[in-house]
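User: Please take a close look at one helix and how it sits against its surroundings. Then put it in the context of the rest of the fold.

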Amino acid sequence: MTPPRRGNEVRVGLPIWIFVPAAVGALFVITPLLAILLKIDWPNFVPLVTSESSRTALLLSLKTAALSTLMCVVIGVPMAMVLARTDFPGLSILRALVLLPLVLPPVVGGIALLYTFGRLGLLGEHLEGWGISIAFSTAAVVLAQTFVSLPFLVVSLEGALRSSGHEFEVVAATLGARPTTVLRRVTIPLVFPGLLSGAVLAFARALGEFGATLTFAGSLQGVTRTLPLEIYLQRETDADAAVALSLLLIVVAAAIVVLAGGRRVASVR
């Protein structure tokens, strides 16, 4: 069968059967969200999400997620550059280790951080000697969120670097630009949409982090109790509050992703 044409453009359509699993997948994602909407106690929604504990947990989540995203950018951009632009023995092993938190259970990551930065941990024991205590503090929340979020930024930015190629960088270097100048004036602007996408993914992942935070930082109100931990605790005592806070978390995360997605499209254009 000849593909349909519009002028000189050949249009390739999708087979009809592919819409069936696509619809099933869409329903699989949308139905649980719809269930939350149907379960919410709408007359009491505002009081449920504006209680003191809820507001404190939300503000703490936003603050720690922002700090962890900043840390991901500071250390993740150089990591992605090394993975995408260099080649040395053991690079594949290094990449696998960097991306390991993607498949590692968060609670295992929390235990690993505890045995690294805890009072008797590999580094924590020495930090305690300097009067620096990290475990079960707000700093521990930021570290836990950074640990689980970093691979999202690295994967996104490394993919952008590989797809963009390095021809423009070669041209800039040929014209006499130093490596730092090439990085600042050519590479970063070229892959900025990928960097923005990775940062958004990292922020969203940090905002929803639960297991590593609970294991490494605990659940101290106003100190380490982020919104996911507050939802978990409310689920045991007030199911209506837990559902309302769940919707709040979904709305905040969705708004951030949509906003960043719009800016990414604008930057690409």
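Analyst: In this predicted model, the buried residues of α9 pack against α3, α7 and α8 (167–174). Helix α9 spans residues 179–190, and its buried residues are Val182, Val186 and Thr187. Why do they share a side of α9? They cover an arc of only 85° around the axis, which puts them on the same side. The general rule is that an α-helix has 3.6 residues a turn, so residues three or four places apart point the same way. The other side of α9 carries Thr180, Arg184 and Arg185, which are exposed.

Two of the partners of α9, α3 and α7, also help to line the largest pocket. About 180 Å³ of space lies in that pocket. Its lining includes Met71, Ile75, Leu113, Phe117, Phe147 and Leu150. Helices α3 (52–85), α5 (106–117) and α7 (138–164) each give two or more residues to the lining. The biggest contribution comes from α7, with 4 residues. By type, the lining has 9 nonpolar residues, 1 polar and no charged.

Helix α3 also feeds the largest nonpolar core. This core has 21 residues, and Phe45, Val49, Leu207 and Ile231 are among those with the most contacts inside it. At least two residues each come from α2 (45–49), α3, α10 (192–207), α12 (227–237) and α13 (239–268). The largest share, 9 residues, is from α13. Beyond four places in sequence, Ile231 touches Ala242, Leu245, Ser246 and Leu249. A second, separate core has 18 residues, including Cys72, Met81, Leu83 and Ala160.

Terms used
Residues numbered from 1 in each chain as written. Predicted model: local features only at pLDDT ≥ 70, side-chain atom pairs only at ≥ 80, totals over all residues. Heavy atoms only, no water. 1 Å grid on protein atoms, 1.4 Å probe; cavity = no way out; pocket = protein on both sides within 12 Å on 5 of 7 lines; lining within 4 Å. Points joined across faces, edges and corners; volume = space filled by probe spheres on them. Nonpolar A, V, L, I, M, F, W, Y, C, P; charged D, E, K, R; others polar. Buried < 20%, exposed > 50% of the residue type's maximum accessible area, 1.4 Å probe, protein only. Arc of directions from axis to C-beta. Contact = heavy atoms within 4.5 Å. Core = buried A, V, L, I, M, F, W, Y, C linked by side-chain atoms within 4.5 Å.
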